[in-house]
Amino acid sequence: RQRQMCIRDSFSLHMVFTGNPGTGKTMIARLMARVYRSLGILSKGQLVEVDRSGLVAGYVGQTAIKTSKVIEKALGGVLFIDEAYALARKGMENDFGHEAIDTLVKLMEDHRDDLVVIVAGYTDEMHDFLTSNPGLISRFNKYIDFPDYTDDELMAILEMNAGRQGYRVAEAAKAVVRGMLVKMTLSERMDFGNARGMRNTLEKLVQAQANRLAACEREVTRDMLEEITEADAKAALVGE
């Protein structure tokens, strides 16, 4: 236990995750909580995930109470604040988000022996968040960037998720999905959501397959139920 306390005293374990949505930030935060628990650095190893709405209240004084309750729930584990930059909105000096940041900074210090805070969001906006409070940026010295997935990786995610649900995606259907990815503009890519976007895409494919099979007049076999075809992909994605 003494060695574990030395680790906490010598190193700041708080982290900043930067990157677009759907790149695995929450999943890695959950894994880090388990790792720190297994090393004995954290006593419980749970992950408490919040965003601005989970920390900020509507009246003066309430935000500090709300933020304190969330941090109390996270003690012994990891507090993961997604889209943390929303707490420090530019041009809104009287916004209660700054009260949440002030409370966070104080309680991070008070509970530094049994709490890890991970803040996440878009790269540029996170800089504004970290510089919004003089004591905030000094508490984070580990930065991990999560790059967007490549098209090949996104297709692998699609196939993996489909397989887990008992579906297989025909090669011609994959070609339609890949064509959708290739045609996306940079702005569309940012809105797509990486792995999250591929999960949504699979839902659309499955819905299109269900609609097609519902109108099928011949007997529907198991093989038909399992396969997502080119027709399904075109019905779901072409024109979007």
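This is a stop-by-stop tour of a predicted model, with a selection to make at each stop.

**Stop 1: the sheet**

Start with the strands. Select β2, β3, β4, β1 and β5, which form an open sheet in that order. The pairing is parallel. Look to the edges next: β2 and β5 sit there, each pairing on one side only. From one strand to the next, the twist averages 20 degrees.

Now add helix α2, residues 25-38. It packs on the sheet and touches β1, β2, β3, β4 and β5. Compare directions: that of α2 makes about 160 degrees with that of β1.

**Stop 2: strand β4**

Select β4, residues 116-121. How many of its residues are buried? Six of six, so the strand is mostly covered. Show the side chains and turn the strand. Val116, Ile118 and Ala120 point one way. Val117, Val119 and Gly121 point the other way. Both sets are buried.

Check the strands that β4 pairs with. β3 is joined to β4 by four bridges, and the two run parallel. β1 also runs parallel to β4, again with four bridges. Generally, strands of a sheet pair through backbone hydrogen bonds, in either the parallel or the antiparallel sense.

**Stop 3: Val117 and the largest core**

Stay on β4 and pick Val117. Across from it, in β3, stands Leu79. Expand the selection to contacts beyond four places in sequence. You pick up His14, Met15, Leu79, Ile81, Leu104, Met108 and Phe140.

Val117 is also a member of the largest nonpolar core, which has 28 residues. Which members touch the most others? They are Leu79, Ile81, Val117, Val119 and Phe129. Colour by element to see the contributors. Two or more residues each come from β2 (47-50), α4 (62-74), β3 (78-81), α5, β4 and α6. Of these, α5 gives the most, with six residues.

Then look apart from this core. Another core lies there, made of 24 residues. Leu158, Ala173, Met180 and Met184 are among them.

**Stop 4: helix α6**

Select α6, residues 123-130. Its buried residues are Met126, Phe129 and Leu130. View the helix down its axis: these residues fall within an arc of 90 degrees, so they line one face. A general rule is worth recalling here: an α-helix has 3.6 residues a turn, so residues three or four places apart point the same way.

Rotate to the other side of α6. Asp124 and His127 are exposed there. Go back to the buried residues and show what surrounds them. They pack against β1 (15-19), α5 (97-110), β4 (116-121) and β5 (142-146).

**Stop 5: Thr18**

Move to strand β1 and select Thr18. Is this residue buried or exposed? Its relative accessibility is 9%, and it therefore counts as buried, the cut-off being under 20%.

Thr18 has a bridge partner in β4, Gly121. In β5, Thr18 stands opposite Asp145. The strands β1 and β5 pair in the parallel sense over five bridges. Display the side chains of Thr18 and Asp145. A polar contact of 3.0 Å joins them.

Widen the view around Thr18, again skipping neighbours within four places in sequence. The contacts are Lys25, Gly121, Thr123, Met126, Ile144, Asp145 and Phe146. Met126 is one of the buried residues of α6 from the previous stop.

**Stop 6: Thr63**

Jump to helix α4 and select Thr63. Its relative accessible area is 0%, so it is buried. Follow the side chain of Thr63: it reaches the backbone nitrogen of Ala57 at 2.9 Å. Beyond the neighbours within four places in sequence, Thr63 is in contact with Leu55, Val56, Ala57, Phe96, Glu99 and Ala100.

**Stop 7: Glu171**

Finish on helix α8, residues 171-183, and select Glu171. At 60% relative accessibility, Glu171 counts as exposed, since the cut-off is over 50%. Add Ala156 and draw a distance between the C-alpha atoms. They are separated by 13 Å, with the two residues 15 places apart along the chain.

Note on methods. Residues are numbered from 1 along each chain as its sequence is written. This is a predicted model: local features need pLDDT of at least 70, side-chain atom pairs count only at pLDDT 80 or more; totals for chains, interfaces and linings use all residues. Side-chain values use heavy atoms; hydrogens and water are left out. Buried means under 20% relative accessible area, exposed over 50%, partly exposed in between (1.4 Å probe, protein chains only). The arc is that of the directions from the helix axis to the C-beta atoms. Contact means heavy atoms within 4.5 Å. A polar contact is a pair of N or O atoms within 3.5 Å; within protein, one must be able to donate a hydrogen and the other to accept it, and residues adjacent in sequence count only if both atoms are side-chain atoms. A nonpolar core is a set of buried Ala, Val, Leu, Ile, Met, Phe, Trp, Tyr and Cys residues joined through side-chain atoms within 4.5 Å. Two strands pair if DSSP finds at least two bridges between them. Axes are lines fitted to C-alpha atoms, for helices over the stretch in contact, and angles run from 0 to 180 degrees between N-to-C directions.
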